[in-house]
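Student: Hey, I've got a new structure to look at and no idea where to start. Can you walk me through it?

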Protein chains: 2
Amino acid sequence: MLEEVFVIEVEEVELVVEGEEEGKRGMLLLSSRRYLLARSCSLLRIHAIAMGGHNNSDVGEQQQQAAKKPAGSSLNAAELIAQSANATPAPSTARANLSSIVPGWFSEISAMWPGEAHSLKVEKVLFEGKSDYQDVVVFESATYGRVLVLDGVIQLTQRDECAYQEMITHLPLCSIPNPKKVLVVGGGDGGVLREIARHKSVDQIDICEIDKMVVDVAKEFFPDVAVGFEDPRVNLHIGDGVAFLREVPEGTYDAIIVDSSDPVGPAQALFERPFYRTLDQALRPGGVICTQAESLWVHMPIIKNIVSACRHTFKGSINYAWTSVPTYPSGLIGFMLCSKAGPAVNFLEPCNPIDQAIDPEKSSRRPMKFYNSAMHAAAFSLPQFAKVELEHLLTPPPSS
Amino acid sequence: MLEEVFVIEVEEVELVVEGEEEGKRGMLLLSSRRYLLARSCSLLRIHAIAMGGHNNSDVGEQQQQAAKKPAGSSLNAAELIAQSANATPAPSTARANLSSIVPGWFSEISAMWPGEAHSLKVEKVLFEGKSDYQDVVVFESATYGRVLVLDGVIQLTQRDECAYQEMITHLPLCSIPNPKKVLVVGGGDGGVLREIARHKSVDQIDICEIDKMVVDVAKEFFPDVAVGFEDPRVNLHIGDGVAFLREVPEGTYDAIIVDSSDPVGPAQALFERPFYRTLDQALRPGGVICTQAESLWVHMPIIKNIVSACRHTFKGSINYAWTSVPTYPSGLIGFMLCSKAGPAVNFLEPCNPIDQAIDPEKSSRRPMKFYNSAMHAAAFSLPQFAKVELEHLLTPPPSS
């Protein structure tokens with residue numbers, strides 16, 4: 001998958017994402033004194049490279065194994081780093097972030113948030129696997145319950161998954177009356193399905209997840225999340241969400257939720273313009289989408305691209321919302337909400353108040369932990385710095 | 001200052017804060033396999049103890065020096081740990097967190113948020129000092145600008161200080177018409193002063209900071225924050241806020257902002273009931289307070305104590321608000337807002353909209369970066385789990 005790779009030693013830490021044109025892949029400089037410049041290649045594994053300077057015997061072994069391979073053979077990025085002259089040990093892939101900081105702690109290190117890392121104390125590693133698409137790790141943490149990690153990045157923890165799953169689901173579904181057909185792209189852990197299932201009006205829940213291993217792992221290790229798959233309305237498709245959506249007849253869905261990882265690796269295409277156009281096409285008039293849309297504090301350039309692309313594509317309303325999630329970079333995550341041309345949607349005033357509809361006394365479902373109508377309304381308030389950056393992009397163009 | 005200290009090796013990580021009665025100090029179990037049980041003693045330095053298992057020569061030297069002291073002499077907590085049998089190296093105080101994770105990274109480790117740590121890459125340590133009250137460190141980080149650390153805990157970074165300073169100031173000051181006399185307790189960096197100075201109605205700004213080193217360091221290394229001291233309305237008092245407030249004539253202030261560190265070390269008394277009573281007494285009828293009030297995700301027991309104490313003390317309105325601050329534990333921080341009996345205060349609907357009053361074209365002040373009226377209103381929306389925990393404590397008792 002790697003077409004061209006250079007290993008260069010640098011002092012500066014910087015993130016550069018180039019190539020706005022559709023189809024052209026990005027360039028990424030990694031946050032390490034040893035970094036990797038990768039152009040026109042898969043960035044799948046590159047961000048898992050650990051920072052230099054460790055003296056871990058486990059890591060040393062990996063380095064020796066990497067060094068045994070003949071030059072020019074199919075090496076992954078970490079192995080290339082390890083082979084470079086005077087290289088510090090660079091553990092590859094799944095185990096890298098498990099040993100790169102304090103022994104026994106998992107640290108989230110990525111060029112997507114250079115210069116900072118969040119660490120969780122590991123009690124026990126429960127699963128490590130390498131699927132066709134990514135590295136999958138599950139561990140029991142000391143204080144956040146079980147943790148799912150894909151390509152070195154925390155996807156969910158038992159302690160705070162409620163915030164993400166409830167907000168990404170109910171922000172769109174509470175904004176339209178009587179949603180019936182809902183599609184989830186990604187979301188293989190099942191948490192969004194669990195939340196959609198609270199809506200009685202829904203009669204069909206489709207999900208297209210690219211990585212079967214994520215589904216299997218969720219069912220084994222996160223039963224309270226994967227419970228979403230048990231709803232009889234759910235149809236699971238394992239495959240590429242972009243390809244799946246191209247086959248969807250126009251106007252099929254009331255709502256589509258894009259529960260993706262970051263725009264490196266398998267989720268990259270889910271942040272590009274052609275994908276937004278297929279989303280728009282698959283919606284019924286006045287239908288809505290909600291996509292994972294990164295952090296206001298860390299990813300403003302990415303967010304501006306998302307907002308611009310959505311403003312260009314969706315002729316209904318578009319809004320940006322955010323919520324607190326402690327184990328995501330900067331402690332929060334954003335959502336892009338858009339509606340297709342048709343019946344007007346006002347995301348800021350939910351018309352389908354799910355939290356009032358549930359009587360915990362009469363329901364067997366677990367009560368809502370994070371979402372409520374006040375949080376829905378508040379989610380659209382932007383800090384002044386973000387308002388200044390995004391307001392003109394969010395505003396509809398004057399009608400001609 | 002240490003009256004009684006035991007060093008015990010344990011497997012479990014746990015935080016226990018006992019002693020609700022006034023005057024009785026807490027008991028704290030530290031988040032380390034080696035921990036320290038400290039009863040009736042200052043917890044000033046204890047939370048700065050690093051996790052075990054390092055092999056840093058700098059640290060090894062410190063350990064040797066500690067071991068040279070005769071048993072029974074006045075050792076600090078870290079030195080006691082280092083002296084215990086089979087002790088792993090435990091660097092003391094200021095440098096501890098600068099080397100305890102990846103070399104060249106600062107990691108925030110504390111029993112206040114066990115099992116997790118946030119790390120920032122250090123470019124250069126600019127200042128290290130030990131005042132009468134705490135360890136003071138300033139470093140240049142790779143991506144968050146300069147960072148102020150007190151007793152191992154990040155107090156502010158240039159990148160995100162705007163969120164905390166603007167919210168803790170304008171939430172109270174925009175909720176009352178024409179604030180005139182304002183007191184800041186703590187806040188020695190000057191950032192809250194800078195924000196208060198935006199309010200033209202204010203004619204007196206008093207500040208009582210216990211630690212002169214914080215003021216001096218802010219003036220030297222954080223000029224954009226310490227600029228708050230330059231306003232001619234500011235009167236700086238170096239001393240204990242509790243003692244200062246006891247001397248304040250009843251009804252002096254329109255607003256008091258308690259910009260404190262966590263309730264271990266010098267700020268502990270600022271989270272206790274007698275302090276809330278002196279705050280109430282120092283306010284004019286209908287005057288308001290805003291205090292730093294920890295994280296909904298991590299510190300619910302502490303928050304419940306704060307809310308209960310304030311409900312008991314303040315006879316006006318009381319509300320809890322929160323905001324995003326990436327470099328604080330869990331990525332957010334809360335604020336307790338209360339008003340004294342008198343003219344009604346509705347914190348949820350600001351009556352003094354500062355952001356509309358500033359015309360960036362005509363003002364020499366830097367524009368607001370975080371606060372605006374929408375963020376003010378949104379700050380009071382509580383996630384469902386927090387609403388369930390706090391709503392009954394926030395609700396006023398039925399009038400008899």
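Tutor: Sure, we'll go through cavities, cysteines, buried residues and a couple of backbone angles. Keep in mind that this is a predicted model.

Student: Okay, cavities then. How many of 30 Å³ or more does the structure hold?

Tutor: There are 11 cavities of that size. The largest has a volume of about 190 Å³.

Student: Which residues lie nearest the centre of the largest cavity?

Tutor: Those are A:H118, A:P326, A:Y328, B:H118 and B:P326, out of 21 lining residues. Two elements give two or more residues to that lining: β5 (116–130) of chain A and β4 (116–130) of chain B.

Student: How many nonpolar, polar and charged residues are in that lining?

Tutor: The lining of the largest cavity has 10 nonpolar, 7 polar and 4 charged residues.

Student: And what's the volume of the second largest cavity?

Tutor: About 130 Å³. Its lining has 14 residues, and nearest the centre are A:W322, A:A378, B:W322, B:A378 and B:A379. The elements giving two or more residues there are β14 (318–324) and α12 (373–378) of chain A, plus β13 (318–324) and α12 (373–378) of chain B. By class, the lining of the second largest cavity splits into 10 nonpolar, 4 polar and no charged residues.

Student: Switching topic: how many disulfides are there over all chains?

Tutor: The count is 0.

Student: Why is there no bond between B:C338 and B:C310?

Tutor: The sulfur of B:C310 is the closest cysteine sulfur to that of B:C338, but they are 3.8 Å apart, too far for a bond. The cut-off for a disulfide is sulfur atoms within 2.5 Å.

Student: What about B:C162, how far is its sulfur from the closest cysteine sulfur?

Tutor: That one is 16 Å away, in B:C174, so a bond is out of reach. B:C162 counts as buried at 4% relative accessibility, and B:C338 counts as buried at 0%.

Student: Let's talk about the core. Which residues touch the most other members of the largest nonpolar core?

Tutor: A:I256 and B:I256 do, in a core of 174 residues. Leaving out residues up to four places away in sequence, A:I256 touches several residues, including A:L183, A:V185, A:L245 and A:C290. As background, nonpolar side chains tend to be buried together in soluble globular proteins.

Student: Which residues are buried in helix α13 of chain A?

Tutor: In α13 (residues 384–394), the buried ones are A:Q384, A:A386, A:L390, A:L393 and A:L394. What covers them includes α10 (300–313), β14 and β15 (332–339) of chain A.

Student: I clicked on B:V325. Where is that?

Tutor: B:V325 is in the loop between β13 and β14 (332–339) of chain B. B:V325 is buried, with a relative accessible area of 1%. Beyond residues up to four places away in sequence, B:V325 touches B:D160, B:A163, B:Y164, B:G331, B:L332 and B:I333.

Student: Last thing, the backbone. What's the phi of A:D151?

Tutor: A:D151 has a positive phi of about 50 degrees, although it is not a glycine. Most residues other than glycine have a negative phi. A:D151 sits in the loop between β7 (146–150) and β8 (153–157) of chain A, and counts as buried at 6% relative accessibility.

Student: And what about A:E294, what's its phi?

Tutor: A:E294 has a positive phi too, of about 60 degrees, and is not a glycine. You'll find A:E294 in the loop between β13 (283–292) and α10 of chain A. A:E294 counts as buried at 2% relative accessibility.

Note on methods: Residues numbered from 1 in each chain as written. Chains lettered and ligands numbered in written order. Predicted model: local features only at pLDDT ≥ 70, side-chain atom pairs only at ≥ 80, totals over all residues. Heavy atoms only, no water. 1 Å grid on protein atoms, 1.4 Å probe; cavity = no way out; pocket = protein on both sides within 12 Å on 5 of 7 lines; lining within 4 Å. Points joined across faces, edges and corners; volume = space filled by probe spheres on them. Helix = DSSP H or I, 4+ residues; strand = E, 2+ residues; numbered from the N terminus. Nonpolar A, V, L, I, M, F, W, Y, C, P; charged D, E, K, R; others polar. Buried < 20%, exposed > 50% of the residue type's maximum accessible area, 1.4 Å probe, protein only. Contact = heavy atoms within 4.5 Å. Core = buried A, V, L, I, M, F, W, Y, C linked by side-chain atoms within 4.5 Å.
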